[in-house]
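Q: I would like a close look at one part of this model. Please walk me through how two of its helices pack, and then through the surroundings.

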Amino acid sequence: MGTCRVLTTSLWPKPKNPTCIGNLKLNLPPSLFTPLSLPHRKSCNIRLYSSSSTSMDASLSNEVAKDFSPFLKIYKDGRVERLSGTDIVPTSLDPQTGVESKDAVISPDTGVSARLYIPKTKITTNPTKLPLLVYFHGGGFCMGSPFCAYYHSYVTSLVAETNVVAVSVDYRKAPENPLPLGFDDSWAALNWVQSHFEGQGPEEWLNSYADFESVFFAGDSAGANIAHHMALRLGHEGLVGVKLKGIALVHPYFWGSEPIEGETHVVENRARAEGIWRFACPSSSGADDPLINPGKDPELAKLGADRVLVCVAEQDVLRQRGWYYSELLKKSEWGGAVEVVETKEEDHVFHLNNPTGENAVALLKKVASFINQDI
């Protein structure tokens, strides 16, 4: 019999809403990972490790190595089963907003792709080029996509409210593709976007309608973390023809090993926040890795955006990290303008869970106002 490569982890008894990371037993709340109130709940099975023999013990296929219900499960045979956020909404011309969407493959080799959006009804009446928004979705670096209902709906609404051309990036997810691959994919997507700045790229929407002198990055949770790092990398390396005017970070997923002022000291809560990071980026040095803790990044002042909007929620465990990030920027030699907006009595990514709520609508309008500030 051939050998099968399986996850080297212990199995724990399955508690209610269990999550096991390393030697920790954690309860991950939906608000810290990705919304529970999904329009469609479909599961997706992907094999994380392959078997070298077709005679692998069939019993392994049902044995759970790590249970992240209701988000995902990892089985001992290497399968990764995502329990939510795997639905795919088709592209369309949305009759309510007049926003049209289409999909594009960025890299056939890696599978990195994107969903593009234009406010078609406004473009047909106004030929002026529009600001370009590049959006990075959240989900703990493990879940979600531009194609699932709640992100498709959110970006459609944002494009309609803001009157921009948008590219929503589908980067590869952990654990099959651990970080920093998601960061690399996002940078590859930005280089693909940049290839259109002279009107010679593969996507006519970007050639014809996008203003590369007015570019914005945005994201929520883990996606806000990615948006920050893409702005940093642009500040280091540049993108010819691309002028990054601002980044909008909604409930950004930043962390650190030591509590900051006003942040929880509860061991389980801190382990939970750090545990997601270690699961997504197993090669990381931990919670003080500059990829998760901007306070440990000596290059923070090189952020390549003129303006930053940070949105936090009062009941979010990550709230203080958003405020702390703004203070770090102010104290650095960055030289741009940063604004923080806090939504009272709301939790992490509330705007995705209840997009028609009063606070969610107000948050959408704030992000739109930030983007349209100079127009």
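A: What follows takes one pair of helices and then some residues in loops and in another helix. The model is predicted, and that applies to each value given here.

Two packed helices are described by the angle between their axes and the distance between the axes. The pair in question is helix α4, residues 181–194, and helix α6, residues 222–237. Their axes lie 10 Å apart, and the packing angle is about 60°. An angle that is neither under 35 degrees, nor over 145, nor from 65 to 115 counts as oblique. α4 and α6 are therefore oblique to each other. The crossing of α4 past α6 is right-handed.

Which residues make this contact? On the α4 side they are Phe183, Asp184, Ser186, Trp187 and Leu190. On the α6 side they are Asn225, Ile226, His229, Met230, Arg233, Leu234 and Glu237. Sorted by class, the contact of α4 with α6 holds six nonpolar, three polar and three charged residues.

Helix α4 also contains glutamine 194. Its relative accessible area is 15%, and buried means under 20%, so glutamine 194 is buried. With neighbours within four places in sequence set aside, glutamine 194 is in contact with Phe212, Leu239, Val240 and Val242.

Next comes the loop between β10, residues 165–170, and α4. Proline 175 is placed in that loop, and so is proline 180. The peptide bond running from alanine 174 to proline 175 is cis, with omega near 5°. Leucine 179 and proline 180 are likewise joined by a cis peptide bond, for which omega is about 20°.

On the other side of β10 is another loop, the one between α3 and β10, and asparagine 163 is found there. Asparagine 163 is not a glycine, yet its phi is positive, at about 65°. Its relative accessibility is 24%, so asparagine 163 counts as partly exposed. Phenylalanine 141 also has a positive phi of about 65° without being a glycine. The place of phenylalanine 141 is in the loop between β9, residues 130–136, and α3, residues 149–162. Is phenylalanine 141 buried or exposed? With a relative accessible area of 1%, phenylalanine 141 is buried.

Helix α7 can be checked by its length. It has 14 residues, numbers 267–280, and at 1.5 Å a residue these should span 20 Å. The end C-alpha atoms of α7 are 20 Å apart, which agrees with that expected span. Several α7 residues are buried, among them Arg270, Arg272, Ile276, Trp277 and Phe279.

Alanine 287 sits in the loop between α7 and β13, residues 307–313. Its relative accessible area is 4%, so alanine 287 is buried. What does alanine 287 touch, not counting residues up to four places away in sequence? It touches Trp255, Gly256, Ser257, Glu274, Arg278, Ile292 and Asn293. Tryptophan 255 in that list is 32 residues from alanine 287 in sequence, while the C-alpha atoms of the two are 6.1 Å apart in space.

Methods. Residues numbered from 1 in each chain as written. Predicted model: local features only at pLDDT ≥ 70, side-chain atom pairs only at ≥ 80, totals over all residues. Heavy atoms only, no water. Helix = DSSP H or I, 4+ residues; strand = E, 2+ residues; numbered from the N terminus. Expected span 1.5 Å × (residues − 1). Buried < 20%, exposed > 50% of the residue type's maximum accessible area, 1.4 Å probe, protein only. Axes fitted to C-alpha atoms, helices over the stretch in contact; angles between N-to-C directions. Left-handed = near helix turned anticlockwise from the far one by under 90°. Contact = heavy atoms within 4.5 Å. Nonpolar A, V, L, I, M, F, W, Y, C, P; charged D, E, K, R; others polar.
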